[in-house]
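User: I'd like to learn how to read charged pairs and nonpolar cores in a protein model. Could you walk me through an example?

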Amino acid sequence: MKMMKSAILVAGIVGASFMNAQDSDMNNMLKVGINAGVAVPSENASANLGLDVSYQHLVTPGFGLGLATGYNQFFGKDNTINGTSVENNGFGVVPVAALIRVYPKQFGFYAGADLGYGFIVGDDKVTNNAVYNADMPTGGFYLRPEIGYHNKDWNFYAHYTKVFTGSNGEFAGQNFNAGTIGVGVGYNIPLGSGPITAPAQ
C-alpha cells in the first residue's frame, strides 16, 4: 500500500510538471485564423472575408499583449444614385495593430481588441462610374473589439471591425464604409515559454 501511495505521488508530480511545461509553452504564441462578416452600413460594400495573423505574449496568466495583422477583402456592392446604377469596387484592408486580450479563466470566455492603423489597398477609385466617383481612401484608425470562447488550441469569436476614414471616399450622398460585423476561428501555435508560467490561453 505504501509503495502504491508513493507511485501515485510520483505520477502526480510528473503529471503536474508536464502540465506546467505545456502551459508555459503557451506564454508566447502565434494565432492564425479566418473570419467573415457582413458590412455595416452596406452602401459601398456587402461583406468581407479575411485572414488573421497575430503574435501574443501572456504578461500575466489572464492578460495578453501582442501584434496583429492579416488581410480582409471587402466585396463591392452595386448602388443606385440619382437613378444611376453605380458599381462599387472591392478593396482590401491590411491592419497593423496592437493586440489586447483578457482571459478570466484558463478556458472559456475571453474579450479583447486590436487597435492600430488599417491600410486600404486595391483600386484607386471607389467606383467604376465616370460621374459618381471618388478617390479610394488610403486608410485610417483601425478598431476591432471581439469576444469569444477559447481553449488551448482554438479561439471562436464574434467581432466588429472598422477602419475610420472620415469623409474620404464619399460622393453624392454615398458614404464610404470599411466596417463589418462577423465571426471567426483561430488556431494557437505555441512558440515557447516566456518569463512567467501561465495557463494555456
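User: How many salt bridges are there in this structure?

Analyst: Happy to help! Side chains of opposite charge can pair when their charged atoms come close. In this predicted model, a cut-off of 4 Å between a side-chain nitrogen of Lys or Arg and a carboxyl oxygen of Asp or Glu gives five salt bridges. One of them joins Asp52 to Arg144, with the closest N and O atoms 3.0 Å apart. This pair ties together distant parts of the chain, since Asp52 lies in strand 2 (residues 45–60) and Arg144 in strand 8 (residues 139–150), 92 residues apart.

User: Which residue forms a salt bridge with Arg101?

Analyst: That is Asp114, and the closest N and O atoms of the two are 3.1 Å apart. Here too distant parts of the chain are linked: Arg101 belongs to strand 6 (residues 91–102) and Asp114 to strand 7 (residues 108–122), with their positions 13 residues apart in the numbering. Both Arg101 and Asp114 are buried.

User: Why does Glu146 count as buried?

Analyst: Buried means under 20% relative accessible area, and Glu146 counts as buried because its value is 5%. Its salt-bridge partner is Arg144, with the closest N and O atoms 3.3 Å apart. Arg144 is buried as well, at 3% relative accessibility. Put the pairs together and you get a network of salt bridges that links Asp52, Arg101, Asp114, Arg144 and Glu146.

User: Which residue is the bridge partner of Gly112 in strand 8?

Analyst: Glu146 again, this time through strand pairing. Strands 7 and 8 run antiparallel and are joined by 12 bridges. Strand 8 also pairs with strand 9 (residues 154–164), again antiparallel, through eight bridges. Within that pairing, Gly148 has Tyr157 in strand 9 as its bridge partner. A hairpin of three residues connects strand 8 to strand 9.

User: Now for the nonpolar side. Which residues touch the most other members of the largest nonpolar core?

Analyst: The general idea first: in soluble globular proteins, nonpolar side chains tend to be buried together. In this model, the largest nonpolar core has 18 residues, and those touching the most other members are Phe91, Val93, Ile120, Phe171 and Phe176. Strand 6 contributes the most to this core, with three residues.

User: What does Phe91 touch, leaving aside residues up to four places away in sequence?

Analyst: Its contacts include Phe74, Ile120, Val121, Met136 and Phe176. Polar residues appear too, among them Asn44, Asn72, Gln73 and Asn177.

Technical notes:
Residues are numbered from 1 along each chain as its sequence is written. This is a predicted model: local features need pLDDT of at least 70, side-chain atom pairs count only at pLDDT 80 or more; totals for chains, interfaces and linings use all residues. Side-chain values use heavy atoms; hydrogens and water are left out. Helices (H or I, at least four residues) and strands (E, at least two) are DSSP runs, numbered from the N terminus. Buried means under 20% relative accessible area, exposed over 50%, partly exposed in between (1.4 Å probe, protein chains only). A nonpolar core is a set of buried Ala, Val, Leu, Ile, Met, Phe, Trp, Tyr and Cys residues joined through side-chain atoms within 4.5 Å. Contact means heavy atoms within 4.5 Å. Two strands pair if DSSP finds at least two bridges between them.
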